[in-house]
Amino acid sequence: MKININCIKKWLYQDSKDLKDELKSNMLVAETLIVAVTFQIGISPPGAAWQDTKDGHEAGKAIMASLKIPYHMFLILNTLAFSTSTQLILILIYHEKFYFEIVVATVSMVATYGTAVWSLSPDKDVKLRYVCMAALFPYLWRLSYQTFNSFRSCK
């Protein structure tokens with residue numbers, strides 16, 4: 001099987017190269033704001049965290065976690081927005097200078113977000129796997145979409 005280099009290049013560059021600079025800049029600002037808001041609300045969820053350990057709750061855990069379904073919906077949807085926005089930022093700046101440094105900063109921020117969500121959630125809470133799936137979903141969706149469309153058009 002012969003690998004077509006032009007197909008691989010098309011796969012890598014198909015998203016942000018065709019955008020006009022003004023649209024790209026506006027999208028980058030919007031995505032950066034979404035990342036900032038979702039990060040902040042993820043590390044300090046509504047209702048804050050318990051300040052002491054008593055009456056069946058533990059200090060440092062999210063107060064909202066006592067409402068199982070709303071807390072899980074909050075975490076899943078917030079993580080989905082956060083993950084999608086970080087992905088779009090990386091796509092929009094793919095051809096720009098200092099891309100590697102921005103990737104390192106973004107990965108570090110995502111790890112910080114994950115650590116904060118994990119530490120705020122109760123220890124008995126096994127639903128964090130859904131949050132992890134929400135975090136990976138935009139990346140897996142983009143990878144499958146991009147792969148399918150690029151290699152389909154190369155034939």
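The exercises below work through a predicted model of one protein chain.

Residues are numbered from 1 along each chain as its sequence is written. Because the model is predicted, local features need pLDDT of at least 70 and side-chain atom pairs count only at pLDDT 80 or more, while totals for chains, interfaces and linings use all residues; side-chain values use heavy atoms, with hydrogens and water left out.

**Exercise 1. Fold and confidence**

Task: State which secondary structure elements the protein chain has, and where confidence is lowest and highest.

Solution:
- Step 1. Apply the rule: helices (H or I, at least four residues) and strands (E, at least two) are DSSP runs, numbered from the N terminus.
- Step 2. The protein chain has five helices and zero strands. From the N terminus the order is α-α-α-α-α.
- Step 3. Turn to pLDDT, the predictor's confidence in each residue, from 0 to 100. The protein chain averages 80, and 81% of the residues score at least 70.
- Step 4. Confidence is lowest in helix α1 (residues 5–13), with a mean of 53. Helix α3 is highest, at 89.

**Exercise 2. Burial, contacts and surface**

Task: Describe how the protein chain divides into buried residues, contacts by sequence distance and exposed area.

Solution:
- Step 1. Buried means under 20% relative accessible area, exposed over 50%, partly exposed in between (1.4 Å probe, protein chains only). Of the 155 residues in the protein chain, 30% are buried.
- Step 2. Contact means heavy atoms within 4.5 Å. Take contacts between residues at least 6 apart in sequence: 74% join residues at least 24 apart.
- Step 3. Areas come from the Shrake-Rupley method with a 1.4 Å probe; for residues, only the protein chains shown count as cover. The protein chain exposes about 10,400 Å², and carbon and sulfur atoms supply 69% of it.

**Exercise 3. Aromatic pairs**

Task: Find the geometry of the pair Phe39 and Phe82, and say why it ties together distant parts of the sequence.

Solution:
- Step 1. Rings of Phe, Tyr and Trp (its six-membered ring) pair if their centres lie within 6.5 Å; planes under 30 degrees apart count as stacked, over 60 as edge-to-face and the rest as tilted.
- Step 2. The whole structure has five aromatic pairs. In one of them, Phe39 and Phe82 sit 6.2 Å centre to centre with 35° between the planes, a tilted pair.
- Step 3. Phe39 is in helix α2 (residues 21–43) and Phe82 in helix α3 (residues 68–92), so the pair ties together parts that are 43 residues apart in sequence. Both phenylalanines are buried.
- Step 4. Compare Tyr94 and Tyr99: their ring centres are 5.2 Å apart and their planes stand at 75°, so this pair is edge-to-face. Tyr94 is partly exposed at 28% relative accessibility. Tyr99 is partly exposed at 25%.
- Step 5. Ring pairs also link Phe39, Phe82 and Tyr113 into a cluster.

**Exercise 4. The salt bridge**

Task: Identify the partners of the one salt bridge.

Solution:
- Step 1. The criterion is a side-chain nitrogen of Lys or Arg within 4 Å of a carboxyl oxygen of Asp or Glu.
- Step 2. Lys54 pairs with Asp52; their closest N and O atoms are 3.6 Å apart.
- Step 3. Lys54 is partly exposed at 46% relative accessible area. Asp52 is also partly exposed, at 31%.

**Exercise 5. A residue in helix α3**

Task: Decide whether Thr86 is buried or exposed, and list its contacts beyond four places in sequence.

Solution:
- Step 1. Thr86 lies in helix α3.
- Step 2. Its relative accessible area is 1%, so Thr86 is buried.
- Step 3. Leaving aside neighbours within four places in sequence, Thr86 contacts Val35, Thr106, Met109, Val110 and Tyr139.
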